[in-house]
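Colleague: Please take a close look at one part of this model, namely the salt bridges and their surroundings. Which residues do they join, and where do these residues lie?

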Amino acid sequence: MSGTDLVVGVDGSAGALAAVQWAARVARARRLGLRLVHALPELPAPYPRADPTHEQLLEAAGAQGRVMLAEARDAASGVEAETVLRPERPADALVAESGGAAMLVLGTSGLRPLGRVLVGSVTVALAAHAQCPVALIRPHAGEDEPPAEGPVVVGVDGSPAGEDAIAVAYEEASWRGARLIAVHCRHRDGWWDTGATAEERARELLAQRLAGWAEKYPDVVVDREVVAGRAAERLLDFADRAQLLVVGSRGRGGFGGLALGSTSQALMSYALCPVVVARPRAK
């Protein structure tokens with residue numbers, strides 16, 4: 001990670017507190033700073049003789065935000081966290097914060113029937129525009145925490161964004177002491193790429209994309225998986241037993257649709273483990 005702080009978006013929800021707790025464990029293990037950020041909600045434009053006045057609404061929103069930040073700081077047990085109240089809209093504030101962050105950590109707002117996570121517009125916007133990797137943490141049942149064991153899984157598609165995902169996945173697997181599973185899906189332009197030659201092509205692409213990383217991270221054991229089927233479905237199969245799933249923010253070929261379209265939103269919505277969307281670093 002190139003930044004020095006993990007930045008967590010705080011909005012008072014159970015999902016945000018789960019994100020704070022996850023980020024606190026990572027910050028403690030990696031000796032990173034922890035920065036908790038609450039952005040004030042957008043308020044109605046000032047109107048003469050309004051009751052309450054715009055200033056009163058702003059003061060009330062600020063007071064509520066400080067309470068949320070205090071609760072979040074308490075949830076980050078064992079880590080000294082900095083709290084920040086920003087006046088911008090949430091997406092704008094967190095994109096700005098992401099410029100100097102090691103990772104931006106967001107919680108989901110809850111679960112729909114059949115276990116689907118509610119992924120809101122702010123989360124999607126940040127996964128598409130943040131200047132650092134974005135981790136999405138889903139709240140788990142009862143007192144359960146997100147999984148801390150199992151492999152790190154990464155989707156490999158041959159795109160530049162896929163290279164960002166590989167870099168993040170190796171780094172995460174290394175410090176976690178976890179096995180890395182690199183997955184490439186044989187699915188091109190709406191049809192299955194089948195046959196022995198296609199299998200060889202897919203394995204060659206996977207080998208090319210992973211070339212050089214073993215020298216940089218000799219401690220990481222890598223399993224290379226070439227599978228047939230839709231990218232989201234296959235990755236979700238692997239994510240069921242993983243502690244982390246890493247994907248690129250945009251894709252082509254095997255993971256076409258990772259421009260935060262249906263594939264990436266399915267992964268963000270249904271994966272049982274935390275999902276990290278790799279983003280290009282701010283220049």
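Modeller: The account below begins with the basis of the values and then turns to the salt bridges, one strand pairing and the nonpolar cores.

This is a predicted model, in which local features need pLDDT of at least 70 and side-chain atom pairs count only at pLDDT 80 or more, whereas totals for chains, interfaces and linings use all residues. Residues are numbered from 1 along each chain as its sequence is written, and side-chain values use heavy atoms, with hydrogens and water left out.

Side chains of opposite charge can pair when their charged atoms come close. The whole structure contains 12 salt bridges (a side-chain nitrogen of Lys or Arg within 4 Å of a carboxyl oxygen of Asp or Glu). One of them joins Arg86 to Glu97, at 2.9 Å from N to O. Arg86 belongs to strand 3 (residues 81–86) and Glu97 to helix 3 (residues 90–98), so that this pair, 11 residues apart, links distant parts of the chain; helices (H or I, at least four residues) and strands (E, at least two) are DSSP runs, numbered from the N terminus. Arg86 and Glu97 are both buried, where buried means under 20% relative accessible area, exposed over 50%, and partly exposed in between (1.4 Å probe, protein chains only). Arg86 and Glu97 also take part in a network of salt bridges with Arg35, Glu82 and Glu88.

Another salt bridge, between Arg176 and Glu172, has an N to O distance of 3.0 Å. These two residues are separated by about one helical turn, because Arg176 and Glu172 are four residues apart in helix 5 (residues 160–176). Both Arg176 and Glu172 are buried.

Arg179 pairs with Asp223 in a salt bridge whose closest N and O atoms are 3.1 Å apart. Since Arg179 lies in the loop between helix 5 and strand 7 (180–188) and Asp223 in strand 9 (residues 222–228), the pair ties together parts that are 44 residues apart in sequence. Arg179 is partly exposed, with a relative accessible area of 41%, and Asp223 is partly exposed at 26%.

In strand 6 (residues 152–155), Val152 and Val154 point one way, Val153 and Gly155 the other way, and all are buried. Strand 6 pairs in the parallel sense with strand 10 (residues 244–248) over three bridges; two strands pair if DSSP finds at least two bridges between them. Leu245 in strand 10 is the bridge partner of Val153.
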